[in-house]
Amino acid sequence: MISEDMATDHVNGNGTEEPMDTTAAATRSEHFQALLDAGLSQKVAEKLDDLYVAGLVAHSDLDERALEALKEFNEDGALQVLVQFKESDLSHVQNKSAFLCGVMKTYRQREKQGTKVSPVTKGPDETKIKELLERTNYTLDVTTGQRKYGGPPPESVYSGPQPTVGTEIFVGKIPRDLFEDELVPLFEKAGPIWDLRLMMDPLSSLNRGYAFVTFCAKESAQEAVKLCNNYEIRPGKHIGVCISVANNRLFVGSIPKSKTKEQIVEEFLKVTEGLSDVILYQQPDDKKKNRGFCFLEYEDHKTAAQARRRLMSGKVKVWGNLVTVEWADPIEDPDPEVMAKVS
């Protein structure tokens, strides 16, 4: 552990002659005592405070949840987590508290697998990433699981509503050391990009080999498939591109037939997040009543999956009753004539 501290001191520029720098007390931040009061050990508090002093993270960036999670580690584990956190590229991390929690989760995964915690491998060329962001004026938000470019794009590029189903493509067979500086120039040829989400391997700084790109229009997504499927992005490396059909729609039964669309929207907004629309069908012989079921449209697959889990838990009731929930076909709106025959 001493050698690790010494290696870290090399990086911090605090001297290399002693594992414990004698100038440390003079360079503590105003929040150092708060870390001790929170229950962190002296060494862990010092290591985290070093990051404060270096300007890599601010005390206000870390919430109580992150500090509580850090306390669950033994001292050696907490120190190694902070080394990993420091060696990560935090320049585009918006939520540093969540990122630290992700590093801790990754560390535990490595421990369970018996994998040695090694230094973070080389990530993207930050100079090229900076040039890309300056050219396009897009944002980049990095978490332990993905790198999100855009979403939404600058208003100068697109100021309309969030794109719907059919505007997203799946990109596979991406070289693991390839990043936005190579992907964006390729896909923006097809049309304005809403966002590009490159999935990352939290056990390294390499990507998982796939990404999702959402365009501002369906035509651009279709053009991207034509232009980029089987494209040789590097010598001998061909990527695969297809339209993504992530499911963001739920079928919900056992709905009171007297409820209107507005009442259904209001009720489900109370118990789920990310609801964007409700598709409702009326009874053929009584337009004032619905057919006892509806389709709930969510912002994305993640919020739809979370809503499905909540509604299926048996703990959430709608108008005092449990409802039946299934995944619905996300590709097209159900045909009204077909729905008229559903009982």
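## Helix α11

At 1.5 Å a residue, the twelve residues of α11 should span 16 Å, and because the C-alpha atoms at its two ends are 16 Å apart, the expected and modelled values agree. These values, like the others in this report, come from a predicted model.

Both ends of this helix have features that can be located in the structure. At the N-terminal end, Asp300 acts as a cap, with a side-chain oxygen placed 3.3 Å from the backbone nitrogen of Lys302, while α11 is followed by Gly314, a residue whose phi is positive, near 85 degrees. Within the helix, Thr303, Ala304, Ala305, Ala307 and Leu311 are buried, and the buried residues of α11 pack against β9, α10, β11 and β12, the last of these being residues 324-327.

## Helix α10

Helix α10, which comprises residues 261-271, has Ile264, Glu267, Phe268 and Val271 as buried residues. Seen down the axis of α10, these buried residues fall within an arc of 90 degrees, so they line one face of the helix. The face turned away from that buried side carries Glu262, Glu266 and Lys270, which are exposed.

The packing partners of the buried residues of α10 are β9 (249-253), β10 (275-283), β11 (286-298) and α11 (301-312).

## Thr214 in strand β5

In another part of the chain, Thr214 is found in strand β5, which covers residues 207-215. Thr214 counts as buried because its relative accessibility is 8%, where the cut-off for buried is under 20%. Leaving aside residues up to four places away in sequence, Thr214 touches Pro163, Thr167, Glu168, Ile193, Trp194, Asp195 and Arg197.

How values were computed:
Residues numbered from 1 in each chain as written. Predicted model: local features only at pLDDT ≥ 70, side-chain atom pairs only at ≥ 80, totals over all residues. Heavy atoms only, no water. Buried < 20%, exposed > 50% of the residue type's maximum accessible area, 1.4 Å probe, protein only. Helix = DSSP H or I, 4+ residues; strand = E, 2+ residues; numbered from the N terminus. Arc of directions from axis to C-beta. Contact = heavy atoms within 4.5 Å. Expected span 1.5 Å × (residues − 1). Polar contact = N/O pair within 3.5 Å; in protein donor to acceptor, adjacent residues only side chain to side chain.
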